[in-house]
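This report examines one protein chain from its overall form to its individual contacts. Please keep the sequence and the structure in view while reading.

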Amino acid sequence: MVANKHEYFIKVGRLVRVLRGPRADKVGVVSAIIDQNRVLVENPSDDKMWRHVQNLKNVECLKFAVPLTPNAPTAQIKAALAKKDILAKFAATKKAQGLAAKAALAASTDFERYQLRVAKRSRAHWSRKIFAEADAKSPISFETKKLAKLEKAQAKYTGKKLAARHDRIKKFFAARKAKAGKK
């Protein structure tokens, strides 16, 4: 079995994210491992994340960890988090930004969602327009390049070769008609 390169293991001091429940999407530090299914999780900087038991099926390990002793007191956890600035580092990751955007969208009003939809449409319109202007000057997109290639091939074919072929066909049918008229 090939291990996922972003798989982090549970240990004391590991930063984890709660997946479901009233503390969903909150992060905390593993302060103790109770057994193979449960851990003690705490985040002193968050009022909702006091020391509590979490099932391992309900937490996601993050790449950040702080050095802690098992059952470390809250003051030691707070000092370790502040020393390494772990929560700020996590907040700068793409995952945290995505979670924050999801939470902001969930907390937005109907009018704010409407404004967002209109802004996305406007951005798409202007980006299409700018791209089309650049594409008209020199082919950038696959479709425009393919179209230019086909037009070039057709121009070559519609030139002399098509005229010669057309004349050959006319002569053939004229000869056939003349032959049929003699009979």
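The paragraphs below treat the overall form, the nonpolar cores and the salt bridges in turn.

**Overall form**

The model is predicted, and local features are described only where pLDDT is at least 70. The chain contains five helices and five strands. Read from the N terminus, these elements follow the order β-β-β-β-β-α-α-α-α-α.

How does the radius of gyration of the chain compare with that of a compact globule of 183 residues? Such a globule would have a value near 16 Å, but the chain has 34 Å. Along the principal axes, the C-alpha atoms fill a box of roughly 115 × 50 × 30 Å.

Of the 183 residues, 22% count as buried. The accessible surface of the chain amounts to about 14,000 Å², and 60% of that surface belongs to carbon and sulfur atoms. Among contacts between residues at least 6 apart in sequence, 47% join residues at least 24 apart.

**Nonpolar cores**

In soluble globular proteins, nonpolar side chains tend to be buried together. In this model the largest nonpolar core has 15 residues, and those with the most contacts inside it are Leu15, Val29, Val66, Leu68 and Phe90. At least two residues of this core come from each of strand 2 (27–33), strand 5 (59–65), helix 1 (74–84) and helix 2 (86–91). Helix 1 supplies the largest share, namely three residues.

Val66 offers a useful view of the surroundings of one core residue. Leaving aside neighbours within four places in sequence, which residues are in contact with Val66? They are Val12, Gly13, Val29, Ala80, Leu81 and Ile86. Apart from the largest core lies another core, of eight residues, which includes Val16, Val18, Val41 and Cys61.

**Salt bridges**

Side chains of opposite charge can pair when their charged atoms come close. The structure holds seven salt bridges. The table lists some of them, with the distance between N and O atoms.

| Basic residue | Acidic residue | N to O distance |
|---|---|---|
| Arg17 | Glu60 | 2.8 Å |
| Arg51 | Glu42 | 2.7 Å |
| Arg113 | Asp110 | 3.8 Å |

The salt bridge of Arg17 with Glu60 has its closest N and O atoms 2.8 Å apart. Arg17 lies in strand 1 (residues 14–18) and Glu60 in strand 5, so this pair ties together parts that are 43 residues apart in sequence. Arg17 has a relative accessible area of 10% and is therefore buried, whereas Glu60, at 22%, is partly exposed. Arg17 and Glu60 also belong to a network of salt bridges that links them with Asp25 and Lys95.

In the salt bridge between Arg51 and Glu42, is Glu42 buried or exposed? With a relative accessibility of 5%, Glu42 counts as buried. Its partner Arg51 is partly exposed, with a relative accessible area of 28%.

The salt bridge of Arg113 with Asp110 lies within one element. Both residues are in helix 4 (residues 110–137), and because they are three residues apart there, about one helical turn separates them. Arg113 is partly exposed, with a relative accessible area of 33%. Asp110 is exposed, with a relative accessible area of 59%.

Key:
Residues are numbered from 1 along each chain as its sequence is written. This is a predicted model: local features need pLDDT of at least 70, side-chain atom pairs count only at pLDDT 80 or more; totals for chains, interfaces and linings use all residues. Side-chain values use heavy atoms; hydrogens and water are left out. A nonpolar core is a set of buried Ala, Val, Leu, Ile, Met, Phe, Trp, Tyr and Cys residues joined through side-chain atoms within 4.5 Å. Buried means under 20% relative accessible area, exposed over 50%, partly exposed in between (1.4 Å probe, protein chains only). Helices (H or I, at least four residues) and strands (E, at least two) are DSSP runs, numbered from the N terminus. Contact means heavy atoms within 4.5 Å. A salt bridge is a side-chain nitrogen of Lys or Arg within 4 Å of a carboxyl oxygen of Asp or Glu. The radius of gyration is taken over C-alpha atoms; the globule rule is 2.2 Å times the number of residues to the power 0.38. Accessible areas come from the Shrake-Rupley method with a 1.4 Å probe; for residues, only the protein chains shown count as cover.
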